[in-house]
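Student: Could you take me through the ligand site of this model up close? I'd like to know what surrounds the ligand and how the contacts look atom by atom.

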Amino acid sequence: MAKVSFIGLGVMGYPMARHLKAKGHEVTVYNRTGAKAEKWVSENGGRAAATPREAAEGQDIVFACVGNDDDLRQVTLGPDGAFSALQAGAIFVDHTTASAEVARELHGAAKDRNAAFIDAPVSGGQAGAENGVLTVMCGGDAGAYAKVEPVIMSFARGCRLMGPAGAGQLTKMINQICIAGLVQALSEGIHFGKRAGLDIEAVLDVISKGAAGSWQMENRGKTMNQNKFDFGFAVDWMRKDLSIVLTEARKNGASLPVTALVDQFYAEVQAKGGNRWDTSSLISRLER
Ligand code: NAP
C-alpha cells in the first residue's frame, strides 16, 4: 500500500480520493476550500493538509485534479506549492485536463527535484469517478508509470502509457475532438427527426443498434430529446478543453474545421446561460 495525497476534491477528485482510501492506501487530502477537505476526512478518515506543500510532504505519490493550466501551476510551483516538498523518488500524477505544454514543463520541474511527473487526464465523467471506472491516458517515463499504474487502477477500469510527457494530454485532446463533432451530429439528427414528426425515442432505439450508434446516442439521446442537460461535464469545461485543442492544432498544423465550429456553437450555448449545462446541451441552439 502506498502513502498518497490528493489535491483538488471537486466533482472528480472527491470520489477518486475515496476509492484510493477504500483500496487501503494511506490518504492525505488538500482542497482550496478547506470545508470540503474536512467533510471528506469526516466521511472517509485519513488526514487533511493545510497547503499543497504540506500535502506532498513525505508522500510516495501526489495526485491532483484541479481546473486548468493556471490552477495546476499554482498548486505545484506556486507559493506553498506541492513541488517544493516532493521527496526524491516521489511521483506527481496529474488528472487535470490541461495542455501538453504544462505537462512537459512540470515533467522537467519534477525531474530537477529527482521526482517524476505523469500527465494522466481522465475520461468517464462524474459517474465514472463515482463508480471507479475511469479511463486514464498517461504521458511520462515508463519506470514512474509502472509504479503508479496499480494505484491509479483503484479508480479506473483502464490505464495506459501513451508516450512521453504530454502524450496523455494529447490523447485526451483527441477524445474531445471526437466528442465535439459527434454531439453536433446527434443534435442535428434529433432536431431533424422532430421537424419530420417522428417518434424520436423509437428512432434512437432503432438506429442506436446500427452504424450510427455511439456512447452519446446511448446515454444522452433520449435526454437531449427532453431538453434535460444536467449530466455532469459542463459546457464551460468543454470550451476550456477545446481551447487547449485548437491551440495545439495551431502548433502541429492539424486541420480541425468542425471542432472550431462546434467550439463557437458552445459559445452560443454559454451566451444563453448554459455554462453549467452538460455538453449535450448543444442541441438547445437548434431548438429555438
Ligand atoms: P470542479 O468540481 O470544479 O473541481 C475543481 C477542483 O479544483 C476543486 O477542488 C477546486 O477547489 C480545485 N481548484 C481549482 N482551482 C484551484 C486553484 N487555483 N488552487 C487550488 N485548488 C483549485 O471540477 P471537476 O469537474 O472535478 O474537474 C476537474 C478537472 O477534471 C478539470 O480539468 C476537468 O476538465 C477534468 N474533467 C472533468 C470531468 C467531469 O465530468 N467533471 C470529466 C473529465 C475530466 P475549490 O473546491 O476550492 O474550488
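Tutor: Sure, let's start with a contact. In this predicted model, an N or O atom in the side chain of Lys 36 sits 2.7 Å from an oxygen atom of the ligand. Thr 33 has a polar side-chain atom at 2.5 Å from a ligand oxygen. Val 66 joins in through its backbone instead: one of its backbone N or O atoms is 3.2 Å from an oxygen atom of the ligand. As for cover, take the ligand on its own and it has 910 Å² of accessible area, of which the protein covers 89%.

Now for the secondary structure around it. Three elements give two or more residues each to the shell: helix H4 (69-77), helix H6 (125-130) and helix H11 (235-252). H4 gives the most, with three residues.

Stepping back to the whole shell, there are 24 residues around the ligand, and the ones that come nearest are Asn 31, Thr 33, Lys 36, Gly 67 and Lys 240. So two of the residues we began with, Thr 33 and Lys 36, turn up in that nearest group. By character, the shell splits into nine nonpolar residues, 10 polar and five charged. It also draws on both domains, with at least three residues coming from each of domain 1 (3-164) and domain 2 (170-285).

Since H4 is the top contributor among the elements, here's one residue from that helix: Val 75 lies in H4. Val 75 counts as buried because its relative accessibility is 12%, and the cut-off for buried is under 20%. To get a feel for distances, pair Val 75 with Asp 263: they are 188 residues apart in sequence, and their C-alpha atoms are 28 Å apart in space.

One last thing you may want to check before setting up any calculation is the cysteines. A search of the whole structure turns up zero disulfides. For Cys 65, the closest cysteine sulfur belongs to Cys 138 and is 13 Å away, so it is too far for a bond; the cut-off for a disulfide is 2.5 Å between the sulfur atoms. Cys 178 is in no disulfide either, and its nearest cysteine sulfur, again that of Cys 138, is 18 Å away. As for exposure, Cys 65 counts as buried because its relative accessibility is 13%.

Key:
Residues are numbered from 1 along each chain as its sequence is written. This is a predicted model: local features need pLDDT of at least 70, side-chain atom pairs count only at pLDDT 80 or more; totals for chains, interfaces and linings use all residues. Side-chain values use heavy atoms; hydrogens and water are left out. Buried means under 20% relative accessible area, exposed over 50%, partly exposed in between (1.4 Å probe, protein chains only). A residue is near a molecule or strand if one of its heavy atoms lies within 4 Å of it. A polar contact is a pair of N or O atoms within 3.5 Å; within protein, one must be able to donate a hydrogen and the other to accept it, and residues adjacent in sequence count only if both atoms are side-chain atoms. Accessible areas come from the Shrake-Rupley method with a 1.4 Å probe; for residues, only the protein chains shown count as cover. Helices (H or I, at least four residues) and strands (E, at least two) are DSSP runs, numbered from the N terminus. Ala, Val, Leu, Ile, Met, Phe, Trp, Tyr, Cys and Pro count as nonpolar, Asp, Glu, Lys and Arg as charged, and the others, Gly among them, as polar. Domain bounds come from an automatic or database domain assignment.
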